[in-house]
Each structure stands twice: as structure tokens, then as C-alpha cells.
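Biologist: I am new to this model. Please take a close look at one turn after a helix, and then show me how its surroundings connect to other parts of the chain.

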Amino acid sequence: MAAENGVYCDDAERCVDRVIERVGKRITLGLPLGLGKPVRFVNALYQRAKDDPDIELHIVTALSLLAPEGSSSLEKRFMGPFAKRLFGDIPELAYARDVANNRLPSNVQVSEFFFKAGSYLNNRNQQRNYVCTNYTHAVRDLMAQGVNVVGQMVSPGEPNGFPGQVSFSCNPDLSLDILPLLREREQQGVPVAMVAEINQYLPWFGHHAAVEEQQFDLLFSHPSTDYPLFSAPQMAISPSDHLIGFYASCLLKDGGTLQVGIGSLGASLVHNAILRHKHNDAWRAVYDHLDVGSRFPVVDSCGGTGTFETGLYGCSEMMVDGFLYLMQEGILKREVFDHAGLQTLINRGEITLTPSLDMLDVLVREGLIDSPLRARDVNWLIQYGILRDTVEFRGGRLRLSEDHAVEADLSQDQTREALAALGLGSRLTGGIAMHGGFYVGPEAFYQALRDLSPEQRDKICMTSVNFINHLYDHRFGDQKLKAAQRLHGRFINSAMMYTLNGAAVSDGLDDGRVVSGVGGQYNFVSMAHELPGARSILALRATRMSGGQVVSNIVFNYAHCTIPRHLRDIVITEYGIADLRGRSDEDVFLALIRIADSRFQADLLKQAQKAGKVRDDFRLPADWQNNTPASVRQALAAPGKGDWFPAFPFGRDFTDEELALGKALKGLKAATATPRGKLATLWQAIRAEDDTGQYAVLLERMGLNNPSGIREKLDRKLVIHGLQQLEPATKTGSENS
């Protein structure tokens with residue numbers, strides 16, 4: 001069947017034929033980041049390029065998701081069954097697997113502007129082809145690459161009550177902006193093709209994400225081959241992560257705005273915000289134990305300790321699953337409206353969400369409507385639910401019912417009485433509690449999105465990243481509107497390292513290799529400096545393991561930065577909050593040393609003093625020198641009885657057996673990080689036995705209950721040795737991994 005300006009295909013190969021017919025064999029394919037890639041179409045096109053060397057295929061995208069495989073034999077044994085369970089019904093992105101294995105044919109190139117963290121550190125082709133760009137500049141740079149084909153997975157409109165439409169759903173972030181630019185390119189005589197792959201598993205979202213299906217040249221629809229969505233498993237939240245999230249939750253102001261990213265730090269923030277709201281006594285026990293108010297006064301001026309009565313508004317390039325939990329718990333509920341004047345009056349408390357005659361008077365006073373009302377005023381009032389949609393403007397009068405009409409003059413008592421009785425709406429309409437650019441998460445998250453009620457779904461607007469990530473987007477709102485909506489913005493992102501002079505290292509290493517990408521981090525940090533009352537919060541763990549040793553993530557200097565020092569703002573580790581905005585260099589250096597792990601504070605101070613950034617007679621105060629893993633555990637124990645800070649507060653995809661095995665394998669990896677450690681571990685493992693059979697179930701899960709050959713027998717002994725190390729670690733209170 002055919003749409004008005006597009007063609008439906010039920011065969012991926014035929015879609016590829018039509019694309020080549022339209023644009024030829026030089027194809028630069030633009031794909032959404034993450035979830036929204038049309039896997040069936042992309043795989044067919046990639047296979048065609050592999051079969052036909054005359055095709056020149058350049059794929060430009062970001063975050064090409066693959067099921068984990070593991071590198072060592074033990075990791076592969078662990079990940080194999082897990083990956084099959086989670087991803088077995090999802091077709092794999094063929095080009096991405098070939099990229100990972102360095103098997104791309106010579107006529108295919110893949111350029112990405114954001115990697116899954118660490119995935120391509122040792123892939124020289126991808127390091128060379130990486131495109132460094134801010135998220136808000138990605139469309140511009142995609143166009144500069146010569147994109148002539150765009151592919152997108154979409155949600156079907158007809159089953160969701162919107163015939164003739166499709167929804168970008170998980171990825172309007174770049175697609176809303178690139179499609180009109182491609183049409184402009186087409187009008188200039190350059191052949192282009194826009195391909196939508198319909199997938200009924202994709203949740204429907206309206207508002208900005210819903211577009212007419214005629215915007216696409218080809219719509220691939222084959223329901224019997226629709227596939228589940230690629231999921232990102234929940235990751236464990238360590239005690240350090242929990243305390244970082246706790247400090248971040250102290251900086252949230254009721255009635256404010258929240259942006260947060262994926263991962264355990266983001267999940268920890270969400271959990272701690274819910275704890276603050278629902279179990280405030282337990283939350284306050286940690287707050288008081290840490291003496292947060294006196295030690296970190298920025299909390300009093302920028303944050304809060306109470307429940308979220310007004311609630312938060314979400315404005316985040318990534319709608320993580322945590323936003324849904326915040327909505328379910330009654331925290332994500334502050335609605336914003338797409339009219340700057342109306343939003344400003346709500347912010348000032350001059351009007352509420354309940355229409356009234358007083359509201360009409362305020363709107364007249366502020367010049368948003370006239371009195372007597374005109375037709376455009378009535379339409380505007382109906383649009384926002386201030387007047388009922390049954391009200392009509394006829395001949396200069398307001399028709400409120402079949403037999404009741406009054407003058408449109410709001411100063412007349414008769415008009416006011418009639419409006420109060422028959423004309424006013426019950427609540428403002430069109431409010432949005434969440435603006436998101438894209439989403440990726442666990443399967444439970446996707447199902448929850450599919451199960452949203454129409455009223456809940458209507459509070460979420462998936463939209464362009466240019467709307468979310470900066471203040472100057474002209475398509476969906478101007479700077480004044482965004483400033484009115486984004487009250488008390490808290491833009492919370494993670495970093496890998498932070499230098500004492502205030503620069504963040506979030507995306508790359510000092511040897512030039514890219515770990516992930518800039519993404520939207522720079523956008524949010526710079527926006528926080530532009531918006532009144534907004535703050536950028538960069539969170540990082542104080543330490544990490546490197547080469548079998550604990551090293552500090554607060555460093556004196558580093559030969560790469562993602563966020564320059566002149567944009568320094570708030571930094572959080574598990575040891576506290578550093579408020580850096582507007583501070584002198586000495587104050588900045590000391591604030592960061594204060595939240596560093598105590599094992600590294602003295603050396604950091606020595607380097608700072610040697611550089612002349614801290615006075616020579618400064619000595620570390622005693623209350624700074626308790627930044628230890630033990631102090632983290634003590635703080636989290638402050639609420640007393642109850643598991644207030646679980647490793648998986650929002651569910652998990654790993655079984656109990658897999659959690660135990662995962663910890664054992666993680667311990668083995670750390671123990672064998674050095675040549676000496678590897679030899680010592682092997683020597684100990686050779687003597688490991690499971691005489692009582694207590695590990696039989698776990699060994700069976702690893703396929704090592706009946707090993708054959710030297711490799712399997714050694715793997716079995718390594719697993720037994722790793723599991724044997726878990727019990728002593730637990731007894732000593734070792735930090736949960």
C-alpha cells in the first residue's frame with residue numbers, strides 16, 4: 001500500500017533497492033543514536049554493500065548498541081547465557097559487530113560522535129573516524145558529512161489512535177531537525193531518501209515526536225518480524241555511588257528543574273531523591289550524620305531538605321528510566337507551559353493551575369488578553385484550558401451554552417457570573433512535566449512506557465535536542481520561554497577525573513583516545529551559567545582502580561579536558577560538595593582537595609603549594625582527613641535498621657547466581673591487573689577445590705561443572721578461587737561492588 005507522498009514496503013531488500021534507485025551507490029547514511037536505529041533496513045543495506053563493492057557506504061551515527069560478549073574465556077562464559085536471555089530475540093546490528101571485530105569491508109566506513117564508554121579505546125579505525133562535536137551541533141556536522149539517506153525506527157500511529165502519523169518516540173533528538181534540512185538539500189537537486197522502519201514494540205509519544213508519515217519516502221512495515229527493543233541492564237549502585245547521589249539530592253530545590261544521565265550515579269540520585277521525599281527521616285539521618293548544612297553551605301542557598309510539594313520538571317537530553325520512577329512517586333510533577341507570559345505568572349505565584357476570574361483579571365492586567373475579549377483571546381484561553389472548549393465567540397459575545405450568551409466584557413458582573421458558572425475550565429491544559437530527547441533503558445522501562453495512561457503520556461514530550469540542550473532553538477521556543485520553564489535548573493552529569501584548577505575530564509584520555517564523547521555535557525554546563533538560578537553539577541567517584549592500584553580521580557593536572565576551568569561550578573564526590581563558581585584559584589584548589597580521598601590529599605596539597613596556588617603554611621584540617629571508604633559505610637548506616645541503600649533499588653536483570661559470579665570475576669580481574677598479581681592468583685587458583693560442592697550451581701551456570709581440557713580445568717579453578725575470596729571480603733566489610 002502507498003502513503004500520499006511515500007511508499008510502504010514489506011521487504012527490507014526492496015527498500016534497499018528503492019534507496020539505491022533514488023540516490024545511487026554513494027550513500028551517506030545518517031542514523032539516530034542508541035535505540036532508534038532501523039536494524040532490519042540497516043542490516044539489509046550493509047549486506048548489500050558487502051556484496052557489491054561498487055557501493056560506497058558511509059554510516060554516520062552514535063552509540064551503536066551491541067550485546068556484550070566478554071573478552072576472556074571466563075567473561076564469555078558469564079556473558080553468553082545472560083546476553084542470550086536479554087538480547088536473544090533482538091537482531092544484531094551487523095555493521096556494529098564488524099566494527100567491533102575490525103571486519104568492515106573497504107567500501108564501508110562508520111563514523112560516530114559518541115561511543116559506549118570505553119568500547120573503542122583500542123579500536124584504531126573508530127578512533128580515527130570519531131567525529132568530535134557537541135550534541136547540539138551534531139545535525140550540522142551530519143549534514144557536513146554529506147548525509148543523503150536517513151533511517152529511523154518509528155512507532156506506528158494507527159494502532160495508537162493516530163492514523164496517518166508515526167512517532168519518532170525514542171529519538172526525535174536529531175531527526176526533527178535533520179529531516180527538513182534534507183528536504184532543502186533535495187530542493188537544491190541532491191537526491192535524498194528518508195526511510196522509516198515501523199516497530200510496534202516502540203512506545204508511542206505524541207507532541208513534537210509525532211509526524212506525518214508522508215514526511216518519509218519509504219516506510220518499511222513487516223509486523224511479523226518486529227523485534228523487542230535493545231535494553232540497557234540496571235547496574236549495581238555501590239556505597240560510594242549512593243553517597244554521591246545523596247549529596248546531589250541535597251542540591252535539588254523543590255519547584256526546580258532536573259537533568260541527569262544514565263548509569264549508577266544517575267540511578268543513585270533518583271533513589272536518594274525518592275528517599276528524601278518518601279522517607280525523609282531516614283534521609284535526614286544521613287544529612288545530620290554528615291553535618292551537610294554546616295560543612296557545605298551551598299546546600300542552604302541552592303538546595304533543600306524537605307519533600308517535593310511543588311515537584312520537579314524534567315528537561316534532559318536522555319529520559320532515563322529514573323524519570324519515570326520520579327513521576328510514579330509524585331516528584332516529577334511540576335508542569336511547564338509553552339507560553340512565556342503564562343509560565344512567568346505561574347512562577348511568580350500570581351496565577352495557579354486552577355482557572356478563576358482572578359486569573360482572567362491578571363491576564364488582562366499583564367496584556368496577555370484583552371477585555372472585551374476578541375476571538376483570538378477566546379481561542380487562546382480555550383487552548384490552555386482556562387475556558388471550557390464548549391465556549392464560542394460569536395458576534396462579539398460569548399456563547400456558553402445553547403441558550404446562554406453574554407457580552408465578552410470581563411468587567412461586567414453578568415459576564416463574570418456566567419463565566420464562573422458555565423465558562424471556566426477545571427485545570428490548565430497542555431502542561432508538560434518531562435521534555436526528553438532520547439531514551440534507552442531496561443525492558444521493564446519500555447513496558448512501563450507502553451503501559452502509561454493517556455494522561456501520563458501527555459505529560460511527556462519527546463523533542464529535539466536543540467530544544468533541550470540550549471536556550472536559542474527557534475523551532476520550539478525562545479530563550480525567554482526556556483528561562484521561564486527551567487527554574488532552579490540542576491544539570492547533573494558525571495566525569496572521569498577533575499583537575500584542581502577546575503577542569504573536567506569526561507570523554508577522553510591524555511593520549512588522544514576517545515572514551516565516549518562530549519555529547520551534551522558542555523551544552524548543559526554552559527547553559528547552567530546562562531540561566532538565572534541554575535547550577536551545573538559534575539559528579540565523580542573519588543578513586544578508581546588502575547593497574548591493580550587505587551588512584552585518585554581528583555588530579556593536579558591532566559592533558560585533556562572536556563569542560564574548561566572557566567566553566568567550573570559544583571563538583572561532588574562521595575566525600576562532599578565543592579562549590580567552585582566565582583571562587584579564587586586557592587579556594588577552588590582547597591575545595592577539591594577537601595572532597596578527595598584522604599590517601600591522596602597530602603600529595604595533592606603538596607603539588608598545589610609547589611605551584612604557588614595554595615599558601616605554604618596551610619595544613620589539612622582534621623575534619624577533612626576522614627575521607628575513607630569506611631566513612632562512606634558509616635554514613636549510609638546512619639538511618640539504622642533497614643536496607644535504605646540497596647545495590648539495585650529499581651530491580652535487576654542479573655540472577656542471584658550471576659551477581660555472585662560477577663563479583664568473583666570482578667575480583668579476579670582486579671587481582672590479575674599486574675604481572676605479579678596474575679602469577680599469584682594463578683598459583684592460588686591451582687590449589688582451589690570445591691570439595692563440599694557448595695559452588696556446584698555457580699559452576700554449572702559457567703558451564704564448568706564437568707570441565708575437559710587444560711583451559712576449562714584452569715577456568716574452573718579460577719572461578720572457585722574467585723568465589724572463595726568473596727566470603728572474607730564480606731566479613732571485613734569490604735565496599736560492595
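Modeller: D291 is partly exposed, because its relative accessible area is 40%, and that value falls between the cut-offs of 20% for buried and 50% for exposed. The model is predicted, and what follows is computed from it. D291 lies in the loop between α10 and α11. Its phi is positive, at about 50°, although the residue is not a glycine. This positive phi comes just after α10.

The helix before that turn is α10, residues 280-290. Its buried residues are N280, A282, W283, V286, Y287 and L290. The cover over these buried residues includes α8 (239-250), α9 (264-278), α11 (292-295), α12 (298-302) and α25 (629-636). Two of the buried residues, W283 and Y287, also belong to a cluster linked by ring pairs. The other members of that cluster are F246, Y247 and F296.

N280, another buried residue of α10, is also in contact with T307. Apart from neighbours within four places in sequence, T307 is in contact with D254, R276, H277 and N280. T307 is found in the loop between α12 and β11 (313-318). With a relative accessibility of 28%, T307 is partly exposed. From T307 to V378 the distance in space is 38 Å, C-alpha to C-alpha, and the two are 71 residues apart in sequence.

A positive phi also occurs elsewhere. S169, a residue other than glycine, has a phi near 50°. S169 is placed in the loop between β6 (165-167) and α7. Is S169 buried or exposed? S169 counts as buried, because its relative accessibility is 0%. Another backbone feature is the cis peptide bond from S371 to P372, where omega is near 5°. P372 belongs to the loop between α15 (357-365) and α16 (375-383).

Now back to the rings. Aromatic pairs come to 22 in this model. F113 and Y135 make up one of them, a tilted pair with 6.3 Å between the ring centres and 40° between the planes. This pair links distant parts of the chain, 22 residues apart. F113 is in the loop between β4 (108-112) and α5 (124-129), whereas Y135 is in the loop between α5 and α6 (138-144). Why do both rings count as buried? F113 has a relative accessible area of 5% and Y135 has 2%, and buried means under 20%. A further pair is formed by F618 and W624, with ring centres 5.7 Å apart; their planes are at 45°, so this pair is tilted too. F618 and W624 are both buried.

Rings also face charges. The charged end of R457 sits over the ring of F205, 5.8 Å from the ring centre. R486 lies over the face of F467, and here the figure is 5.3 Å from the ring centre.

F113 leads on to the cavities, since it helps to line one of them. How many cavities of 30 Å³ or more does the structure hold? The number is three. The second largest holds about 50 Å³ of space. Besides F113, its lining consists of V60, V131, T133, A138, D141, L142 and Q145. Helix α6 gives the most to this lining, with three residues. By class, the lining has five nonpolar, two polar and one charged residues.

L142 also appears in the lining of the largest cavity. The space in that cavity is about 70 Å³. Together with L142, the residues that line it are G30, L31, P32, V150, G151, Q152, L174, S175 and I178. β5 (149-156) and α7 (172-187) are the elements that give two or more residues to this lining. Six of the lining residues are nonpolar and four are polar, with no charged residue present. Helix α7 was met above, as one end of the loop that holds S169.

To return to the part you asked about: D291 follows α10 with a positive phi of about 50°, and α10 itself supplies W283 and Y287 to the ring cluster.

How values were computed
Residues are numbered from 1 along each chain as its sequence is written. This is a predicted model: local features need pLDDT of at least 70, side-chain atom pairs count only at pLDDT 80 or more; totals for chains, interfaces and linings use all residues. Side-chain values use heavy atoms; hydrogens and water are left out. Rings of Phe, Tyr and Trp (its six-membered ring) pair if their centres lie within 6.5 Å; planes under 30 degrees apart count as stacked, over 60 as edge-to-face and the rest as tilted. Helices (H or I, at least four residues) and strands (E, at least two) are DSSP runs, numbered from the N terminus. Buried means under 20% relative accessible area, exposed over 50%, partly exposed in between (1.4 Å probe, protein chains only). A charge sits over a ring if NZ of Lys or CZ of Arg is within 6 Å of the ring centre and within 35 degrees of the ring normal. On a 1 Å grid over the protein atoms alone, a cavity is a set of points where a 1.4 Å probe fits but cannot get out, and a pocket is an open set with protein on both sides within 12 Å along at least five of seven lines; lining residues have an atom within 4 Å of a point. Grid points are joined across faces, edges and corners, and a volume is the space filled by probe spheres set on the points. Ala, Val, Leu, Ile, Met, Phe, Trp, Tyr, Cys and Pro count as nonpolar, Asp, Glu, Lys and Arg as charged, and the others, Gly among them, as polar. Contact means heavy atoms within 4.5 Å.
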